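Subject: The structure, and what turned up in it

Hi there,

Here is the structure I promised to pass on to you. Have a look at it first, and then read on for my notes.

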Amino acid sequence: MAETLVASEYEAERLDATAAWVARHRPPGSGALAELGAGEGALTGRLLRAGYTVHAAEPDPALRARLWDRLRGRARLRLSGADLAAPPPVRRRFGAVLLIDTLHAGQDLELLHALPTDLLFVALAPSALDRRLRPWLSAQQGWLLVEEIDLAAPHPAQRTLAPGSRGVLLRRAGLP
């Protein structure tokens with residue numbers, strides 16, 4: 001029971017910090033957000049309550065159904081089954097794309113170049129950031145690192161459930 005309480009407190013802290021981080025760089029009204037890998041919509045709900053328009057993309061049908069049950073009827077919510085390999089079909093660019101704990105081993109990070117945005121928020125456990133994203137960033141020229149921020153510290157008693165979260169804000173190269 002205490003383990004579940006610590007995990008839920010950690011998760012709430014991490015999601016609140018992530019929503020605040022997005023708001024510092026893209027306030028509500030500055031363009032729709034695409035959240036790839038929205039899961040059950042915990043971050044999506046926070047963003048909608050803050051006044052954002054969100055395209056929540058979740059490829060897993062069971063998670064997408066739970067997201068829909070939880071957030072249906074929200075005027076500024078769009079939902080799809082898109083993923084990194086097939087981003088949401090849009091005719092315009094998003095104000096930002098959020099990849100919050102959605103980059104996993106085996107994904108082709110070159111797909112980030114095709115995302116319909118100039119601003120990309122990525123959050124990962126620090127070890128995953130060092131292992132996956134940092135080497136890719138140093139080898140490519142399409143995205144520039146704007147900011148790196150700790151969103152949640154690891155919880156020592158629960159390293160597997162609460163490994164910490166670090167955010168990396170990327171801007172498409174060649175933009176002011």
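Let me start with a question: in which sense do strand β2 and β3 pair, and over how many bridges? The two strands run parallel, and four bridges link β3 to β2, which covers residues 54-57. If you want a spot to look at, V54 stands opposite L77 in β3. Please keep in mind throughout that this is a predicted model.

**The overall layout**

The protein has four helices and seven strands. Read from the N terminus, the elements come in the order α-β-α-β-α-β-β-β-α-β-β. Of its 176 residues, 44% count as buried. Among contacts with a separation of 6 or more, 63% are between residues 24 or more positions apart.

**The sheet**

The seven strands make up an open sheet with mixed pairing, and their order across it is β3-β2-β1-β4-β5-β7-β6. At the edges stand β3 (77-80) and β6 (143-152); each has a single partner strand, so one side of each is left without a neighbour in the sheet. From one strand to the next, the twist averages 20°.

Towards the β6 edge, the pairing is antiparallel: β6 and β7 are joined by eight bridges, and β5 and β7 by six. For orientation, L144 has R171 in β7 as its bridge partner, while L120 is partnered by L170, also in β7. Strand β7 itself is mostly covered, with six of its eight residues buried.

One residue in β7 that I would point you to is G167. At 0% relative accessibility, G167 counts as buried. Beyond its neighbours within four places in sequence, G167 is in contact with W21, V122, A123, E147, E148, I149 and L151. The C-alpha atoms of G167 and V22 are 9.9 Å apart, although 145 residues separate the two along the chain.

**The helices on the β2 and β3 side**

Helix α2 (residues 42-49) packs on the sheet, where it touches β1 (33-36), β2, β3 and β4 (96-100). The direction of α2 makes about 175° with that of β2. How much of α2 is buried? Six of its eight residues are, so the helix is largely enclosed by the rest of the structure. Those buried residues are L43, T44, G45, R46, L47 and L48. Just after α2 comes G51, with a positive phi of about 105°.

Helix α3 (residues 61-71) lies across β2 and β3, and runs at about 165° to β3.

**Helix α4 and its bend**

Helix α4 (residues 126-139) has 14 residues. From its first C-alpha to its last, α4 reaches 19 Å, close to the 20 Å expected at 1.5 Å a residue. Where does α4 bend? The bend is at L133 and amounts to about 40°, with a proline, P135, following within four residues. The buried residues of α4 are P126, A128, L129, R132, L133, W136 and L137, and they pack against β5, β6 and β7 (165-172).

**An aromatic pair**

The structure holds one aromatic pair. W21 and F121 form it in an edge-to-face arrangement, at 4.8 Å centre to centre and with 85° between the planes. W21 belongs to helix α1 (residues 2-25) and F121 to strand β5 (residues 119-124), so the pair ties together parts that are 100 residues apart in sequence. Both W21 and F121 are buried. You have met W21 already, among the contacts of G167.

**A residue worth a look**

Finally, there is D101, in the loop between β4 and β5. Most residues other than glycine have a negative phi. D101 has a positive one, near 60°, and is not a glycine. With a relative accessible area of 30%, D101 is partly exposed.

That is what I have for now. Happy browsing, and do write back with your thoughts.

Best wishes

Terms used
Residues are numbered from 1 along each chain as its sequence is written. This is a predicted model: local features need pLDDT of at least 70, side-chain atom pairs count only at pLDDT 80 or more; totals for chains, interfaces and linings use all residues. Side-chain values use heavy atoms; hydrogens and water are left out. Two strands pair if DSSP finds at least two bridges between them. Axes are lines fitted to C-alpha atoms, for helices over the stretch in contact, and angles run from 0 to 180 degrees between N-to-C directions. Contact means heavy atoms within 4.5 Å. Rings of Phe, Tyr and Trp (its six-membered ring) pair if their centres lie within 6.5 Å; planes under 30 degrees apart count as stacked, over 60 as edge-to-face and the rest as tilted. Buried means under 20% relative accessible area, exposed over 50%, partly exposed in between (1.4 Å probe, protein chains only). The expected span of a helix is 1.5 Å times one less than its number of residues. The bend at a residue is the angle between axes fitted to the seven residues ending there and the seven starting there.
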